[in-house]
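Here are some notes to go with your first look at this one. Keep the viewer open and hop from point to point as you read.

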Amino acid sequence: MAKSMYSSQFKKNGQQIGSSSEPELKFEQAGTVQVEDDRTGTSLETIKRAFTDNLLYTQGKYESIAALHDYYMALAYTVRDRLIQRRIQTLKTYIEQDVKAVYYLSLEFLLGRQLSKNLLNLGLYDSTRQALLELGINLEELMEREDEPGLGNGGLGRLAACFLDSLATLEIPARGYGIRYDFGIFHQTIHQGWQVECPDLWLRLGNPWEIPRPEYRVEVNFGGRTEAYLDAKGRYRVRWLSHQTVFGTPYDLLIPGYNNHTVNSLRLWSAKASEEFNFQVFNVGDYNRAVADKIFSENISKVLYPNDNTPQGRELRLQQQYFFVACTLHDIIRLYLRNHDNFDCFHEKVAIQLNDTHPALSIAELMRLLVDEYLLEWEDAWQISRNTFAYTNHTLLSEALECWSLSLFSRLLPRHLEIIYEINHRFLHQVKQKYPHDLPRLRRLSLIGEGAEQSVRMAHLACVGSHSINGVAQLHTQLLKQDLLRDFSQLWPQKFNNKTNGVTPRRWLLLTNQRLVKLISEQLGQNWIHDLERLRQLEDLVDDRSFRDCWHQIKQDNKQELADYIQRHNGIEVNLDSLFDVQVKRIHEYKRQLLNVLYIITLYNQIKANPQLEIVPRTFIFGGKAAPGYYMAKLIIKLIHSVADVVNNDSDVGDRLKVVFLANYNVSLGEKVYPAADLSEQISTAGKEASGTGNMKFALNGALTIGTLDGANIEISEAVGGSNFFLFGLTAKEVTKLKANGYNPWHYYNTNPSLRQAIAQISSGYFSGNDPDLFRPLVDSLLYRDEYLILADYQAYVDCQERVSKAYLSREQWTRMSILNVARTGKFSSDRTIREYATEIWNVKPVKVELENYNQERASLKIKESIN
C-alpha cells in the first residue's frame with residue numbers, strides 16, 4: 001500500500017503522532033499476524049492514521065488551518081468507514097438469505113447526534129477518545145460541533161429513533177423510511193418571554209453521516225385525471241394521467257446495532273424538480289416562472305410539518321405525505337423484486353409498520369401499484385396489502401386523527417381517491433353483512449366522513465388496510481378499544497393488541513449517564529447492558545450505605561453539570577441542594593404545564609405570606625416547543641417566563657425557588673437534563689397521553705415521578721411500586737364521569753382560596769407588568785372550559801407535591817427510592833418492545849451478520865458479470 005503524503009500531521013511533546021498509511025500489523029497470538037486496513041481497522045494507531053488521512057484528503061485541511069469542525073468531519077468520516085464495512089456485509093447477508101425485513105415508516109425521526117451513538121455501538125468510544133487524546137484533541141469538544149438533525153416534533157420521532165437502534169441491536173433486518181427535511185423542527189429562541197421560531201439549519205455545514213443514492217430516485221406524480229381502459233385480457237383497468245411530477249432522491253443514514261456487526265439503514269427522501277430550470281422561459285425574461293417547478297417540488301421536503309392553518313399549508317402536508325409513501329413503496333417493491341419475479345410471497349418477505357396515520361396513504365398506494373402497475377387482480381392485491389401493513393396508533397385525541405377534504409384529495413390524488421372509494425365500498429358491504437340494520441354504525445365506520453365537508457379518514461383507512469392495530473400503553477390500548485376505535489374493535493377484536501413503548505438504554509443511559517453506568521457495572525458486571533431486566537439486582541444494594549452515598553454523589557455531579565449549563569445559557573444561578581423539578585416535553589394544554597405553573601405561584605404566595613417559611617428549595621425546570629400555529633401553547637411559554645421574572649428576582653424568595661426555561665429543547669439537551677432531574681413531572685390529564693417516553697427516560701436515570709394514571713405512568717407505577725411513585729389526580733374513568741355530569745370549573749375556583757389567588761394574580765397582570773389582558777385567554781380557558789381539568793386536579797397536585805417535599809427531606813429515603821426506580825424499569829427498554837413487535841406482529845427473526853477480518857488478497861474487486 002502506498003504511503004501517505006504526510007507521515008503525520010500532529011505532534012505531541014515534539015514527537016510525531018500517527019504513522020503512514022501502511023496497514024497496521026496486529027500480533028494476536030504466537031505465529032499469527034492480523035493486518036488492519038486503514039478504512040476499517042479499530043486499533044489506536046489505525047484510528048489515528050485514518051483520522052489524519054480524512055482530515056487531509058476528505059476535508060482538504062492540515063492542522064495549522066483546520067477548525068474544530070474540520071476535525072469533527074474527519075472523525076465522522078473515519079467512523080462512517082467502519083459503519084460502511086458492516087453495512088455492506090449486512091446487505092450481503094440479507095440478500096443471500098432472502099430474509100423477511102421490517103420497513104418502519106415514520107414522518108418523524110429525532111435521531112440525536114450520531115457521532116457519540118455510533119462510537120458507542122461500534123465499541124470504539126474509549127479507544128477513539130484515547131486516540132484523539134494522543135493527538136492533542138478532546139473528543140467531547142468534537143461531539144459538540146455536530147448539528148443535531150431535528151427531523152421530528154417530539155415523542156413520536158424519538159420513539160422511531162429508539163426503535164431503529166433496537167432493531168439493529170437485536171439483529172432484525174429492517175430499514176426506516178422518512179423525509180430529509182431541509183429545515184427540521186424549528187430552532188427555538190426566546191425574546192422577551194415569547195417563543196420565536198428560526199430555521200433549523202442542520203445541513204448548513206454538510207452531513208457526513210448521509211450517503212446520497214441518486215441512482216435510486218423515484219418519480220412521484222400529482223394531480224391530473226384518471227382514464228379507464230381494457231387490458232390485453234379484456235379486464236377493466238385504470239391509468240392515472242398526472243399533470244405534475246416530482247423526483248424523490250434517497251439519502252441513507254447508517255444505524256449500527258450495539259456490540260454486533262449489524263448495520264441497518266434509515267432512508268430519507270428529498271424532493272427534487274423534474275425540471276430544475278426552464279431555459280426557454282428564462283430567455284424571454286420570466287425569471288420566476290423559469291424556476292417555478294423547482295420551487296414547487298423542493299417545498300415538499302423543505303420543512304417538517306408546514307403550518308396547516310391555511311389551505312396552502314394543508315395542501316403541502318398532503319403532498320408531503322404522498323411524496324413520502326410513493327417513494328417508499330416504490331423502493332420496497334424494487335428491493336423485493338431483486339429476489340422475486342412475482343408477488344406471491346410479498347407479505348412473507350415484507351412487513352410494513354405505519355407509525356401513526358401520516359403514512360396511511362401507503363395502503364392506497366400499494367393497491368395502486370399492484371393493481372394498476374403490476375396488473376394484479378383486486379382481491380389478490382388486497383390480500384397481499386392487508387397481510388403486509390400494521391398500524392400503530394399514537395393518540396387518544398380525536399382531533400389529532402388526520403382527515404383530508406375530498407376536494408383537496410381529488411385534486412391532488414384522483415386515482416387514490418377512487419381506490420379508497422372501492423376499499424370503502426367493499427368494506428361497508430362486509431359491515432352490512434354483520435350489522436344489517438345499523439346505519440349509524442356504517443356512518444361511523446366509513447372511510448369517508450360526512451361532516452360539514454366530506455373528508456377521507458386516514459385512521460379508518462389504516463384500520464381497514466392493516467392486519468394489526470396496536471396502542472402504545474396498556475391504558476391507551478384499552479381506551480382505543482373502548483372509545484376512539486370501538487367500532488373497529490368490535491368488528492375485528494383479533495386485530496387489536498398492546499405494545500407498550502420503550503426507550504433505548506444505549507442513548508438514554510450508557511451515553512447520557514456514564515457515571516451511573518460505571519457504578520452499576522462495578523457492582524453487577526456488564527451483562528445488564530444487554531438485558532435491562534438484570535438491573536433488578538440493584539435492589540440487593542439499596543441498604544448498602546456506601547453504595548447509596550456513591551449514587552447520591554453521582555446525582556449531585558449531574559446536577560452540577562446542568563446547573564453550569566443553566567448559568568451559561570440562562571444567566572441563573574441555581575441551588576444544587578434544591579430539588580430539581582423537571583417538566584420537559586412538547587408544550588400542549590393537555591400536558592398541563594399550566595398546572596405546574598399554578599403550583600409555583602402557590603409556593604411563591606406561601607413565601608410572600610411568611611418570608612421566614614421553611615420549605616424544601618426547588619428549581620423548576622421547563623423545556624419544550626410550541627407548534628408555530630398553537631397560540632395557547634405559546635402563551636403558556638410566555639407565562640412561564642413572566643412568572644420566572646417575578647419569582648427569580650424577589651429577595652424574599654432567594655434561592656428557595658427558581659424557575660428556568662431551557663430554550664430549544666432537543667435530544668442533546670435532554671441528555672443533560674435526564675441524569676440531573678430529581679423529580680419527573682408527568683401530569684397530563686388522565687386518558688389523554690397515549691404513552692409518553694420521557695417518563696421512562698427519567699425513571700431509568702433515577703428520577704422519581706409525580707404523575708397521573710395516564711399513558712405508561714400506570715405501568716411505571718406498577719413496576720417501581722406505589723411507594724416509589726407520587727400518584728395524584730382523577731383517573732380516566734373519573735374524568736369521563738365528571739365531564740358527563742357537567743363539569744363546572746368555577747366550583748373549584750370559588751372553593752379553593754389558594755387556587756383563586758393564583759388565577760387572580762395571573763388575571764390582574766401581577767406577572768405581566770400590570771397588563772390584565774395578556775394572559776386573559778389562558779384565564780378564560782381555565783374558568784369557562786378547563787378542557788383538561790386543571791382546576792379539578794389542582795388540590796390533589798398540591799397535596800402530592802407536599803408528599804414529595806417530605807420525602808426529599810430524607811436524603812437516605814430519597815436515594816433508596818431513586819435506586820429502586822432504576823432497578824425496576826428494565827421493562828421499559830425499547831429492546832423489549834421490539835421483541836414483541838417482531839414475534840407478535842411482524843413474524844421476523846434475528847439474522848446474524850458475521851464480519852470477515854481484513855485480507856489483502858480479497859481486498860480487490862472481482863466482477864462476475866457486467867454492471868448495468
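1. Start with a charged pair. Lys-302 makes a salt bridge with Asp-182, and their closest N and O atoms are 3.3 Å apart. The two come from distant parts of the chain, 120 residues apart: Lys-302 sits in the loop between α9 (292-299) and α10, while Asp-182 sits in the loop between β8 (174-179) and β9. Bear in mind while you look that this is a predicted model.

2. How exposed are the two partners? Lys-302 is partly exposed, with a relative accessible area of 24%. Asp-182, at 18% relative accessibility, counts as buried because the cut-off for that is under 20%.

3. How many salt bridges does a search of the whole structure find? The count is 58. Another one to pull up is the pair Arg-506 and Asp-165, whose side chains meet at 2.8 Å, N to O. Arg-506 belongs to helix α20 (residues 505-511) and Asp-165 to helix α6 (residues 155-169), so this salt bridge ties together parts that are 341 residues apart in sequence. Arg-506 and Asp-165 are both buried.

4. Next, have a look at Arg-237 and Asp-231. They form a salt bridge too, with 3.1 Å between the closest N and O atoms. Arg-237 counts as buried at 5% relative accessibility, and Asp-231 counts as buried at 12%. Elsewhere, salt bridges with shared partners join Arg-175, Arg-213, Asp-252, Arg-267, Asp-331 and Arg-334 into one network.

5. Now for the strands, with β16 (residues 263-273) to begin. Is β16 largely enclosed or open to the outside? Of its 11 residues, 10 are buried, so the rest of the structure largely encloses β16. On the pairing side, β8 runs parallel to β16 and is joined to it by five bridges; one position to check is Ile-179, whose bridge partner in β16 is Trp-269.

6. β16 also pairs with β15 (residues 244-256), this time in the antiparallel sense and over 11 bridges. Thr-249 has Ser-270 of β16 as its bridge partner. The two strands make a hairpin with six residues between them, and Asn-259 in the turn has a positive phi of about 60°.

7. There's another hairpin to visit at β9 and β10. Strand β9 (residues 187-191) and strand β10 (residues 194-198) run antiparallel and are joined by five bridges. Gln-188 finds its bridge partner in Glu-197 of β10. Two residues lie between the strands of this hairpin. Gln-192, in the loop between β9 and β10, is exposed, with a relative accessible area of 64%.

8. Which residues have an unusual backbone angle? Most residues other than glycine have a negative phi. Gln-192 has a positive phi of about 55° although it is not a glycine. Asp-786 is another case, with a positive phi near 45°. Asp-786 lies in the loop between α31 (776-784) and α32 (790-809). Is Asp-786 buried or exposed? Asp-786 is buried, with a relative accessible area of 2%.

9. Further along there's an open sheet of six parallel strands, in the order β26-β25-β24-β27-β28-β29. Its edge strands are β26 (657-662) and β29 (726-727), each pairing on one side only. Inside that order, two bridges join strand β24 (residues 579-584) to strand β27 (residues 679-682), and the two run parallel. Look for Asp-581, which stands opposite Leu-679 in β27.

10. On the surface, which residues form a negative patch? They are Asp-341, Asp-344, Glu-348 and Asp-380. Asp-341 is in the loop between α10 (311-337) and α11 (346-349), and at 72% relative accessibility it counts as exposed.

11. One last residue for the tour is Met-143, in helix α5 (residues 139-143). Met-143 counts as buried at 11% relative accessibility. To get a sense of scale, compare Met-143 with Glu-734: they are 591 residues apart in sequence and 48 Å apart in space, C-alpha to C-alpha.

Methods:
Residues are numbered from 1 along each chain as its sequence is written. This is a predicted model: local features need pLDDT of at least 70, side-chain atom pairs count only at pLDDT 80 or more; totals for chains, interfaces and linings use all residues. Side-chain values use heavy atoms; hydrogens and water are left out. Two strands pair if DSSP finds at least two bridges between them. Helices (H or I, at least four residues) and strands (E, at least two) are DSSP runs, numbered from the N terminus. Patches are made of residues with over 30% relative accessible area and no salt bridge: like charges are joined within 9 Å, nonpolar side chains (Val, Leu, Ile, Met, Phe, Trp, Tyr) within 5 Å. Accessible areas come from the Shrake-Rupley method with a 1.4 Å probe; for residues, only the protein chains shown count as cover. A salt bridge is a side-chain nitrogen of Lys or Arg within 4 Å of a carboxyl oxygen of Asp or Glu. Lys and Arg count as positive and Asp and Glu as negative; His and the chain ends are not counted. The place of a charge is taken as NZ of Lys, CZ of Arg, CG of Asp or CD of Glu. Buried means under 20% relative accessible area, exposed over 50%, partly exposed in between (1.4 Å probe, protein chains only).
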